[in-house]
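Reader: I should like to learn how an interface is read from a structural model. May we work through an example together?

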Protein chains: 2
Amino acid sequence: MSSVKVKKKKGLLKKQLEAVVGAENVDDSASGRLVYSYDATPNYQAMPDFVVSPANAEEVAAVLKLCNETGTPVYSRGSGTNLCADTCPVNGGIVLLSKRMDQIIELDKENLTITVQPGVITKKISETVENEGLFYPPDPSSMKISTIGGNLSENSGGLRGLKYGVTRDYVMALQIALPNGELIRTGGKLTKDVAGYDLTRLFVGSEGTLGVITEATLKLIPKPESQKTILALYQDIEAAGRSVSAIIAHKMIPVTLEFLDQDTIRAVEDFAHIGLPTDVKAILLIVQDGPKEIVDRDIHQIAEICRSENAVDVQLAASEEEAEKLATARRSALSALARLKPTTILEDATVPRSEIATMVRAISEIAEKYDVRISTFGHAGDGNLHPTCLTDARDEDEMQRVEKAFAEIFEKAIELGGTLTGEHGVGMTKAPYLEWKLGAAGIEVMRGIKQAIDPNGIMNQGKVFAEETRERVAEAK
Amino acid sequence: MSSVKVKKKKGLLKKQLEAVVGAENVDDSASGRLVYSYDATPNYQAMPDFVVSPANAEEVAAVLKLCNETGTPVYSRGSGTNLCADTCPVNGGIVLLSKRMDQIIELDKENLTITVQPGVITKKISETVENEGLFYPPDPSSMKISTIGGNLSENSGGLRGLKYGVTRDYVMALQIALPNGELIRTGGKLTKDVAGYDLTRLFVGSEGTLGVITEATLKLIPKPESQKTILALYQDIEAAGRSVSAIIAHKMIPVTLEFLDQDTIRAVEDFAHIGLPTDVKAILLIVQDGPKEIVDRDIHQIAEICRSENAVDVQLAASEEEAEKLATARRSALSALARLKPTTILEDATVPRSEIATMVRAISEIAEKYDVRISTFGHAGDGNLHPTCLTDARDEDEMQRVEKAFAEIFEKAIELGGTLTGEHGVGMTKAPYLEWKLGAAGIEVMRGIKQAIDPNGIMNQGKVFAEETRERVAEAK
């Protein structure tokens, strides 16, 4: 198309969008578009044509219908905290913001549910329900700024996944705008509902490739009565891994069971100054919650287990404030590491928890092999590790080695019965590797679903489905 | 096709099936086919052409491929305990049995998982893991004879859904044979896995319309240390409903919170002779589990709440045996009611738990309006009720009134924010009503998925998707 025609087409689309959401909610300024040209993932950037902010589900549906008819790409976006380039508007088109849909619609104390719009900040949900003695367990590290819409699209995890599961496990009902402009509702305030396919969980974690979630009803549980935190210190990573397995084998499921390696401990301490011991090889941060007498009993037993697995020290957080400080420190691990080098690449290869020690060791060996710096921390109880590469995007040679190292890490995770991504999503960063996990036949099933629901392929182009699958490192050897 | 041609085609298919699974595993005898011409649902029967029993996933895949190529309908089936005619071979073709795939493949105590073939009896899984101090919570009433494959296809619920959720919540990984003859694997021994769409949960509850589950890895949790049971007796159904809400509002989630009306109590007592009080209007059977001190505390509080909500008596089960007797009695409610009249139609309209009392009252009024006998029992904590009609299929006039009554019950459930079916599935019985819950656009999404995965429509024909949607009672008035 000639540039004149393109300009005319864009002008028409702008008018049509303005007719739906109002002129003040369609931004095509260079600065406005620049802000939404990237997300929290390093090295991915592309300019959208318009940034559109609808006020309600009907406007979202109308925008999708318009985009569907005009073949305009749509990238729905909350706060853009994802780490797989899922909200990068890679082919131009529209970034669809949830910022004007940020209301808590209802807190239903009789049915223990909260109904929210997608733009509500996750932490606001937690705080709102905790004020009522209730609990929304999913707590992605970004919860202070992430939106629940983003959490739903990515099926976010967090630090409490071991005991309480992930976002998916707390979604009871959705309202969804489909690419064809229809609005559908799935589920209800119902523990049990088998009326038709589980569309709720199909859309949760579909990374904005099938439709836009415009409302969600989330399940709440009673707030645990008390909570205790311990730190177990190790001079031996294997011993930390064995402790994780031993705790579970003793039939205790802590709410949080986090692992930090020495690199991460040092970075976090340097950042947060909370007195973490920087001379140990690994730390387990362990939290249990529940009725006070049970928490006391469990924490005592867990401490015993850690000691018997060669923890050099086990420290009980003296107060709630100290426990909160430790949790905040752990949540800051990415920020802390990110200060050390110009570029930080955080992955989330995940393995069965019995394979944690093997995987941590493999990551070290792979980092050494490719001469790159990888620190590892993560949710050890889930087997959900965050190998984090500290590098510099300007160093092309190093970046190539980084990519090879991560490919090998993915391959190792899958070999151990794990997955490419535990909680960050596929997006662009892991799309070329997805077939390693799902096989060609699995990808075909996904493509069929995508084609059925979004036949014109307008939703989040360039994500999840790769044009080419990367060759396996092992095969390429 | 002429009958000669049909016979020839069937003869060829038989040979092809025998080549895959062995001649002894293809049954086309009249008696063999008759056995699998119906399931636990009254009034549905059709003869299959062949009953085929594959030995492993590869044979299942090969049978599906063959059926796909020849356009032969396939109905996969476990023990046939479903209550929505889901395993009735309505268009002839093949009943695919899981009886030869009945092995527990692995109990992984480190990762708290069990991996099973689809033909394993649910109760065997429970017993196996409980012997190791572990727990598989889903406990459909039919668990003594139902297969886990059937539970997965139907996303079965049970008596512990309130606290522990349903089958779906315990599935970590699947192997699935697709209609095209491919085998895929989804998930892993992973609490967190966001590599691609949630195919695991798409196939769970898809009622055999998309593929055949050939292996499943299920999540286990530590076995609760102790358990206590109480019976609360009421002369007022509303008071029982209010007790349910009040217990939850006090931030306690019992493992079981069952409701039985007087009709059901009398039938169960007549059947089981365990000394249930038959002079009360309603009973709540309440179970709490967990650490002993917490169970004692909760049960004490729950008893107080029931009394303050006008329970005429609250009785603590004196021993584990007595508690087990009560649970068994509740599980026998369907069998007990089924003895009273020639035909028993059990439904599972489900509402948010705050609407239990309203729904129970509505069911009574509807039964009276249509002059039919409906007893109600069910999982009050989930809002999952089982209105059960005692009738006689030979009485055509009455059967028409029964159908109208259930249509109105479904409509009322949806009006109250509920669903057609909490745990039984859509199958044939609820297919004509499904659009009432999902809307035309929701059904279209499901049809798209079905078409993408099973383009020749061989899997469980005549189920879930109705040829015609029933008119709404309210509109027809």
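Author: Let us begin with charge pairs, bearing in mind that this is a predicted model. Across the interface of chain B and chain A the rule finds 8 salt bridges.

Reader: What is the general idea behind such a pair, and which residue of chain B forms a salt bridge with Glu423(A)?

Author: Side chains of opposite charge can pair when their charged atoms come close. Here the partner of Glu423(A) is Lys192(B), and their closest N and O atoms are 3.1 Å apart. Polar contacts may be counted as well: 30 residue pairs are found across the interface of chain B and chain A, both residues being at pLDDT 80 or more.

Reader: Which elements of chain B supply the side that touches chain A?

Author: At least two residues each come from strand E9 (183–187), helix H7 (199–203), helix H8 (237–249), helix H10 (292–308) and helix H15 (434–453) of chain B. H15(B) gives the most to this side, with 12 residues. By class, the side of chain B that touches chain A has 29 nonpolar, 26 polar and 20 charged residues.

Reader: How is the size of such an interface expressed, and how many residues of chain B are in contact with chain A?

Author: The size of an interface is often given as the accessible area lost when the parts come together. Chain B and chain A bury about 6,300 Å² between them, with 61% of it on carbon and sulfur atoms. Three residues, Lys192(B), Val194(B) and Tyr197(B), supply 16% of the area that chain B buries against chain A, more than any other three residues. As for contacts, 75 residues of chain B meet 75 residues of chain A.

Reader: By what turn and shift can chain B be laid on chain A?

Author: A turn of 180 degrees and a shift of 0.0 Å along the axis lay chain B on chain A with an RMSD of 0.0 Å. The two copies are therefore related as by a two-fold rotation axis. In chain B, the C-alpha nearest that axis belongs to Ile449(B), 2.7 Å from it. The same surface serves both copies, for 100% of the contact residues of chain B recur in chain A.

Reader: May the same reading be applied within one chain? Into which domains is chain A divided?

Author: Chain A is divided into domain 1 (3–97), domain 2 (104–222), domain 3 (226–332) and domain 4 (341–424). Consider domain 2 and domain 4 of chain A, whose C-alpha centres lie 29 Å apart. Their contact takes 8 residues from domain 2 of chain A and 6 residues from domain 4 of chain A. The area buried between these two domains of chain A is about 480 Å², of which carbon and sulfur atoms give 44%. Glu154(A), Gly158(A) and Leu162(A) supply 65% of what domain 2 of chain A buries against domain 4 of chain A, more than any other three residues.

Reader: How many salt bridges are counted between domain 2 of chain A and domain 4 of chain A?

Author: The count is 0 salt bridges, while 2 residue pairs are in polar contact across this interface, both residues being at pLDDT 80 or more. The side of domain 2 of chain A that touches domain 4 of chain A has 2 nonpolar, 5 polar and 1 charged residues.

Reader: How many salt bridges does a search of the whole structure find, and what may one tie together?

Author: The search finds 70 salt bridges over all chains. One is formed by Glu130(A) and Lys223(A), with the closest N and O atoms 3.9 Å apart. Glu130(A) lies in helix H4 (residues 122–130) of chain A and Lys223(A) in the loop between strand E11 (221–222) and strand E12 (226–234) of chain A, so this pair ties together parts that are 93 residues apart in sequence.

Note on methods
Residues are numbered from 1 along each chain as its sequence is written. Chains are lettered from A and ligands numbered from 1 in the order in which they are written. Side-chain values use heavy atoms; hydrogens and water are left out. Contact means heavy atoms within 4.5 Å. Buried area is the accessible area (1.4 Å probe) that two parts lose on being put together, summed over both. A salt bridge is a side-chain nitrogen of Lys or Arg within 4 Å of a carboxyl oxygen of Asp or Glu. A polar contact is a pair of N or O atoms within 3.5 Å; within protein, one must be able to donate a hydrogen and the other to accept it, and residues adjacent in sequence count only if both atoms are side-chain atoms. Helices (H or I, at least four residues) and strands (E, at least two) are DSSP runs, numbered from the N terminus. Ala, Val, Leu, Ile, Met, Phe, Trp, Tyr, Cys and Pro count as nonpolar, Asp, Glu, Lys and Arg as charged, and the others, Gly among them, as polar. Copies are superposed by least squares on the C-alpha atoms of residues with pLDDT of at least 70 in both. Domain bounds come from an automatic or database domain assignment.
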